[in-house]
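I opened this notebook to record what I looked up in the structure. The entries follow the order in which I worked.

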Amino acid sequence: MGKAMIHREGAVMILGGGIAGIQAALDMTDLGYYVYLVEKSPAVGGVMAQLDKTFPTNDCSL
Amino acid sequence: MITNADFLALEGEAGDYTAKLNIRPRYIDADACTACGLCTQYCPKHHSDSYNEGLSITRPIHIDYAQAVPATYYIDPSSCMFLQHDTCQICVPVCQSHAINFSQKPEARDLKIGAVILSPGFGKIAESTLEKFSYGKHPDVVTAYEYERMTTASGPFLGEIKCFSDGRHPKSMAFIQCVGSRDLGCDNGYCSSVCCMYAIKEALVTKEHDPEVDITIYYMDIRTQGKDFDAARERAENIGIKFVRAKVADVTPWDNHLKLTYSTLDGQHKFDAHDMVVLSVGLESPKDAQKIADITKIDLNKYDFCKTGTFTPLETSKKGIVVAGAFQGPKDIPESATQASGAAALAAVTLKKQRGKGTVLKEYPEELSVTDEDEVRIGVFVCHCGINISSVVDCPDVANEAGGMENVAYYTENLYSCSQDAQEQIKQTIIDKKLNRVVIAACSPRTHEPLFQETLKDAGLNRNLFEMVNIRDQCSWVHANEPEEATQKSKDLVRMAVHKAAHIQPLPEQTVPVTPKALVLGAGVAGMTAALSLADQGFPSIIVEKGDKVGGQMLNLKNTLNGESIAAHLKSLTTKVEKANNIEVMLNSELVETAGFVGNFSSVIATGKTKKKKETTYDHGVVVVATGGHEYRPKMYELGKSKKVCTQQELETKLEGRAKNRAPNSIVMIQCAGSRGDDLGYCSKVCCNHAMKNVLKIKEINPDSQVIVLYRDIRTYGFAEDAYLEARKKGVIFIPYEVDRKPVVSSKGTKVQVDFFDSIMQEDVSMTPDLVALSVGLVPNSTDELSKLLKLPVTANKFFLEAHVKLRPIEMAVEGVYVCGLAHGPKPIDETIVQAQAAAAKAAMPLVNGKVKVDPIVSTVDQEDCIGCGICTSLCPYGAITMVKIEKKRKAFTIAASCKACGICAAHCPTFAISMGGFTNEQLISQIEAFGNKKEKVEA
């Protein structure tokens, strides 16, 4: 996501770095916009990072 | 990415916002930290590990988990001795890279942004709600989050499930559903929509750990309404997990067990003892929901989730601020991911004018040339995957064996090869040891190959100089009980990969230009919403509709459950589509032919009602499939035979009319008519809500009407639960029936009779209502032809199959094709709109870039050896091989961008003229020979 600068055009702020926030950030980047992903805890991932496997296929969630 | 940050204020308006942040110090310099973990080992203070739900102890200076991003440790000021008491500082000299910096101060930061996406997730149910289940009083009562960490191999107990009270392995377990959901006691009237799924998942995982353990799930309704979710429930029942329909009143300690008191449907009170109780806690609105609402001035609903409308499911009450994920309402991972993409599409429209102005492109070092002449230098990395692999496979042994193999210049092990520090280390090793082939023995290439290939690119290697060996799925998982054999198999697989790797060659990366237009199939709510979103982002499209008018399934519906007019929305949608100068609607039309590949499709559309059709050719870059679905009419319960039997859809139309007796005095509704095991194997997700909508309307028109709803599970998930409660308050009677004891409907003359077993009164009931309404399911409009035309896979139920159920819910297996609406699976209007917006975001991606990358693994024809027989052309399922004339001879030629690398052509070529990039005969033969080499050794 590159180094932040003081001002960027076409930027969006995403509040919360869980699965929804991360997916939105990836999509916004792919659509050609600059993203600030703002997360209150020290790492992104949200609750999904705490899950071991996912329903119903039991795929690893990390 | 800005972590450790508080959101303080938001000023300005859509397109020109300023957000004020406070970034809390980590006390560790992120650029210097190597995530070695030495500091945590030396830190003397204990700290409850919130990542493990407080089940284990860590230190104030720590990292939550090895794969955390950013991979930088941090110091939690709440328990750090220096930050609290000005003592200690042991960690400072310990850190070899001098990364610890206690002088860091909070930093205020202003962000200039055009739009905001809110995705703060969800909060946790208050502990006071859990107290009646003895949570906090007895150690063997745990929440599902805690239990999730307990069952995890990388969790605090390495996946061993033990009772906290005395360390024994539980032999009998209970899951209690709806804890903190559907519970007016804690003001959470809504259904959390995910707990049934995770409880079934955790129960299945428990059975994997110990097949002998006895598991009971206490539930009110099992709500596995998602696509193919019912199948998992059946799987759970088949392996002996018990489902008991009962409301648990309390849990009390009893000897060294836990006693559950519960009441069953027939009014009986029962008791049962279990060793361990897992509380399926619901999803609460996020803790700081009110604060976010105050800062951004958005409205919340009565449960403090973000308020949205059925037709604007991702829009907040403030322009330029959109919402995604559980803050919009409790939901699971795929729906969160879908909403995220949909929100991205909405934000992209707000920012359209600034597209591409602020982005930075990642730069890679120049690719090193690797030719046949170069010495082969292979690096082998064996991943422990925590203990996921290493608890079964002897990883050091595998690595050592690899070290002795021919051409191997370097070998090592990693705890987690996918962690950021391991990536950095692999990259550095490639450069330092001058490796020109990399073999990684870890998990599945399906999930992790792209990550490792990225590392190769960062190190200046072509990404195809890479081989991945799956020693997790294929060794440690399937041979969990045979560690020696699993280790031997791992060695075999690694040896085979090393031999193959010696022959792999770099493959060129190719890109092709894109036609920036879309083809949308279907003019229902999904198709029109997707086309409009694309148009708003600046991309023209053609909507091809089979019927003679737009609207699709929406034409058959009147109002939403919340009372919004569907007809009004359809009208506004249609007007917008008509006014948009870059959308063309073709009615009475069908797609008859498509050729090409992502970015460069060319389709033929036939228009006309008669046999003589007008054909139009249209070039486009992407396809959005929104072909919709319709009500299924089962041949049961006298539907079509008696005038008094109708479907919910027909009833809705009738209720909207003016007929005097449209809401008669006695009505019986039958849920799941023809669904969940009869004609349709699945749950259609919308019928329970549809029934609620009609029931409430009936009660509005005729409050004295006696309405009985016969159901299997009422699935009014999310906020629709409120309607279910209201229906019961208004006197509607809900009676569950078992699948082996379905109601029987018979008709004689104008009379219709319903016989059923009343599971509440425990007796057979026979009645002659004025009307029987059937909740029938939804089926997709024919997907057969389209799936053949576009080579799209469909599920057993004939819905289109997405590329990955969890992670790529919108994309199809064929690149450049996206699916939304009923064609993907049964779903209500709001979810359809979200999906359509998400499809528009995904579809816009290749169009924005103006070019697409072609996977380098494609077939190539050796023109020397080709005899022009044409077998390959006739067999290629993707039309990717054409015959060309070269020097007057017929030769086969591969269109690289269409090739999906299936290998059929290479396998059938009689002269071995075709080879697959990355899978040449030479490579495969050496791989197979390598397998045989072991046998010689063993025999010798």
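Before the helix angles, I fixed the convention: axes are lines fitted to C-alpha atoms, for helices over the stretch in contact, and angles run from 0 to 180 degrees between N-to-C directions. I also note that the model is a predicted one.

Entry: two helices of chain B.
With that convention I looked up H18(B) and H19(B), which pack at an angle of about 40 degrees with their axes 10 Å apart. The crossing of H18(B) past H19(B) is left-handed. I then asked which residues of H18(B) meet H19(B). From H18(B) come Met692(B), Val695(B) and Leu696(B), and they meet Ala723(B), Tyr724(B), Glu726(B) and Ala727(B) in H19(B). Sorted by class, this contact holds 6 nonpolar residues, no polar ones and 1 charged residue.

Entry: the length and surroundings of H18(B).
I checked the helix against its expected length. H18(B) covers residues 687–701, and at 1.5 Å a residue its 15 residues should span 21 Å; the end C-alpha atoms are 21 Å apart, so the two agree. Is H18(B) mostly covered or mostly open? I found it mostly covered, with 11 of its 15 residues buried. Among these buried residues are Cys687(B), His690(B), Met692(B), Lys693(B) and Ile698(B). The buried residues of H18(B) pack against H17, E31, E32 (706–711), H19 (721–729) and E37 of chain B.

Entry: the sheet of chain B.
I next traced an open sheet of 5 strands, in the order E30-E37-E31-E32-E33 of chain B, with parallel pairing. Why do E30 and E33 of chain B each have one side without a neighbour in the sheet? Strand E30 (645–647) and strand E33 (733–736) stand at the edges with a single partner strand each, so one side of each is left free of a neighbour in the sheet. From one strand to the next, the twist averages 25 degrees. Helix H17 (residues 648–656) of chain B packs on this sheet, where it touches E30 and E37 of chain B. The direction of H17(B) makes about 95 degrees with that of E30(B). Within the sheet, I found 5 bridges in the parallel sense between E31 (residues 666–673) and E37 (residues 771–776) of chain B. Ile667(B) stands opposite Leu771(B) in E37(B).

Entry: a hairpin of chain B.
E26 (residues 600–607) and E27 (residues 614–620) of chain B pair in the antiparallel sense over 7 bridges. Val604(B) has Thr617(B) in E27(B) as its bridge partner. The two strands form a hairpin with 6 residues between them, and Gly608(B) in the turn has a positive phi of about 135 degrees.

Entry: positive phi outside glycine.
I noted Cys178(B), which is not a glycine yet has a positive phi of about 55 degrees. Cys178(B) lies in strand E10 (residues 172–179) of chain B, and it counts as buried because it has 23 C-beta neighbours inside 10 Å. Lys888(B), also not a glycine, has a positive phi of about 65 degrees. Lys888(B) sits in the loop between E44 (881–886) and E45 (889–894) of chain B and is exposed, with 5 other C-beta atoms within 10 Å.

Entry: where chain A touches chain B.
How many residues does each chain bring to the contact? I recorded 49 residues from chain A and 69 residues from chain B. H1(A) supplies the largest share of the chain A side, 8 residues. By class, that side has 26 nonpolar, 14 polar and 9 charged residues. I closed with the strands: 4 bridges join E1(A) to E8 (residues 115–118) of chain B, and the two run parallel. Leu15(A) stands opposite Leu118(B) in E8(B).

Definitions and conventions:
Residues numbered from 1 in each chain as written. Chains lettered and ligands numbered in written order. Predicted model: local features only at pLDDT ≥ 70, side-chain atom pairs only at ≥ 80, totals over all residues. Pairing = 2+ DSSP bridges. Contact = placed C-beta atoms within 7 Å. Expected span 1.5 Å × (residues − 1). Buried ≥ 20, exposed ≤ 12 C-beta atoms within 10 Å, placed from the backbone. Left-handed = near helix turned anticlockwise from the far one by under 90°. Nonpolar A, V, L, I, M, F, W, Y, C, P; charged D, E, K, R; others polar.
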